[in-house]
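Dear colleague,

Please find below the structure that I promised to pass on to you. My notes on what was found in it follow directly after it.

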There are 2 protein chains.
Amino acid sequence: MTMTMGQIVNHLAKGISTPNTTVDLLNPGYLDTEVQGIVTAFSASQYVIEQAISLGANFIITHEGIFYSHQGMQECLRHDPVFLQKSRLIADSGLGIYRFHDTIHRYQPDGVMVGLLQALDWHTYVVKQQPTSAILTIPAMEVKEVAEYIKAKLHIRYVRVAGELSMPCERVGILVGYRGGGDLAIPLFLNENVDLVIAGEGPEWETPEYVKDAVYQGRSKALIMLGHAESEAPGMKYLADVLSAQFPMIPVHFVEDRPVFQIL
Amino acid sequence: MTMTMGQIVNHLAKGISTPNTTVDLLNPGYLDTEVQGIVTAFSASQYVIEQAISLGANFIITHEGIFYSHQGMQECLRHDPVFLQKSRLIADSGLGIYRFHDTIHRYQPDGVMVGLLQALDWHTYVVKQQPTSAILTIPAMEVKEVAEYIKAKLHIRYVRVAGELSMPCERVGILVGYRGGGDLAIPLFLNENVDLVIAGEGPEWETPEYVKDAVYQGRSKALIMLGHAESEAPGMKYLADVLSAQFPMIPVHFVEDRPVFQIL
């Protein structure tokens, strides 16, 4: 039995309504191309594309865009050599690339969140799943213990932490990707009574400044920023496992890229 | 000779046209209040406000907003205890707080950039000042040497680096604040032929992903993210020096806050 890219896309989007402005799209690629192999990844980076080619996969399912932007290609890249070389490689390879962003976030619960909770081995601690966050009661730990636990579980080299490292925490709010901004993260402290927010990425002048003020007022609140890719890659790894189980005749690989940053 | 808050505000904004939607505003405060002392800061945090009070200053000039948002107060804060305690302190103190963001960025050259270049002792290396970036030719250094130099000069504990640490660089593009996004930062590599971009903050899926791809393609490009406050606080320190020289009868202090994040 063979599957086309269109069948996989329809399977992934089944029952999910995405906004009219969705970024989720097969581009490049044709819906009727037969899938030889699938690579899932946080981002369709040069490395991921080359890995897909060498694995014999002709279909990449990527969470973030190919060209360094949430919304399509920036005009400023038109003559950029990095863009041109990457575009040429993609065109020559005949790869289909499906951006799978809005749809997986609209799964109930959010598919990216499910992957992160599985990777953290915390799925049994969830007390509430909300559209943009999960609320957990974890075994009591200090903030620095949570940070070290996360680093070990996700195999990441660093996290950024706001608040007192020795603060004990039990009630935790988690937000993946760029949901670490004030509008989504700050209300969790009051409305959900969390001690600690764990997020992917967000503006530095919002949630971290709030936590700094809270701590200076003598309140017990903390924030751990994982990094955007670090918070969402586990969701794409989980997706590879799910697809592999659903379509055992198709080779499915998750490709993990190197972190964008190192700390000096 | 005495000065009112309105006179200082007019002095700071003299000859600068800001957009109709500017966030720059004296709020709270009255234009005709006599200035007893000025505190400049990156952010009017709880700590900065308490420092201003204990220094006897009644006027804070802050680059970022008071309540964890670029645009005024988020509705979600209305019942938040951190917000309420901070608001009460500000009201009780009688402080005037002037948001000085769009105006200083429209100085020619950008006043925040001038402060950062002074702090780095790199102002003599500037070859081009643009509205959102400065282009420099610095004495040749490896990326890791640049990172260590910056950390020492700005007294910051870490920077985030994308690219090869041993890459030599000479031509550098600098962007302060949240100008590290792809639309402003990426074109500097092609159009200005920079080896290295140094920025405050920006989305992780934009410029850092571009640099990761470029390096994987074998190109010599790198990125150092300083942190938002780390890149803009020197501008507010510089402002304090300038105001102090212009108005010697007014006590002017720059208050440096603790970094929002530590690395674990």
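A salt bridge joins the side chains of Asp257(B) and Lys212(A), with 2.8 Å from N to O. Please bear in mind that this is a predicted model, and that the distance just quoted, 2.8 Å, is therefore a computed one for a salt bridge as the term is defined, with nitrogen and carboxyl oxygen within 4 Å. Between chain B and chain A the count is six salt bridges. On the side of chain B that touches chain A, helix H8 (residues 207-216) of chain B supplies the largest share, namely seven residues. That side of chain B divides into 31 nonpolar, 15 polar and 20 charged residues.

The interface as a whole may be described as follows. Chain A contributes 66 residues to the contact, and chain B contributes 66 residues. Together the two chains bury about 5,900 Å², and 61% of this area lies on carbon and sulfur atoms. In addition, 31 residue pairs are in polar contact across the interface of chain B and chain A, both residues of each pair being at pLDDT 80 or more.

The two chains are also linked through strand pairing. Strand E12 (residues 262-263) of chain A pairs with strand E7 (residues 160-162) of chain B in the antiparallel sense, over two bridges. Within this pairing, Val161(B) in E7(B) has Gln262(A) opposite.

Which strands make up the open sheet, and in what order do they stand? The sheet has seven strands, in the order E5(A)-E6(A)-E8(A)-E9(A)-E10(A)-E7(A)-E12(B), and its pairing is mixed. Strand E5 (126-129) of chain A and strand E12 (262-263) of chain B stand at the edges; each has a single partner strand, so one side of each is left without a neighbour in the sheet.

Inside this sheet, strand E9 (residues 196-199) and strand E10 (residues 222-225) of chain A are parallel and share four bridges. One of the bridge partners there is Leu223(A) in E10(A), which is paired with Val197(A). Helix H6 (residues 143-154) of chain A lies across strands E6 (134-142), E7 (160-162), E8 (168-175), E9 and E10 of chain A, and runs at about 110° to E6(A).

In chain B, strand E5 (residues 126-129) and strand E6 (residues 134-142) run antiparallel and are joined by three bridges. E5(B) and E6(B) form a hairpin, with four residues between them. Lys128(B) has Ile135(B) in E6(B) as its bridge partner. E6(B) is further joined by six bridges to strand E8 (residues 168-175) of chain B, again in the antiparallel sense. In that pairing, Met141(B) has Cys169(B) in E8(B) as its bridge partner.

Finally, some points of backbone geometry deserve a note. The peptide bond between Asn27(A) and Pro28(A) is cis, with omega about 5°. Pro28(A) is in the loop between strand E1 (25-26) and strand E2 (38-43) of chain A. A cis peptide bond also leads from Gln108(A) to Pro109(A), with omega near -5°. Pro109(A) has its place in the loop between helix H4 (102-106) and helix H5 (111-120) of chain A. In chain B, Asp121(B) is not a glycine, yet has a positive phi of about 60°. Asp121(B) is found in the loop between helix H5 (111-120) and E5 of chain B.

With kind regards

Key:
Residues numbered from 1 in each chain as written. Chains lettered and ligands numbered in written order. Predicted model: local features only at pLDDT ≥ 70, side-chain atom pairs only at ≥ 80, totals over all residues. Heavy atoms only, no water. Contact = heavy atoms within 4.5 Å. Buried area = accessible area lost by both parts, 1.4 Å probe. Polar contact = N/O pair within 3.5 Å; in protein donor to acceptor, adjacent residues only side chain to side chain. Nonpolar A, V, L, I, M, F, W, Y, C, P; charged D, E, K, R; others polar. Pairing = 2+ DSSP bridges. Axes fitted to C-alpha atoms, helices over the stretch in contact; angles between N-to-C directions.
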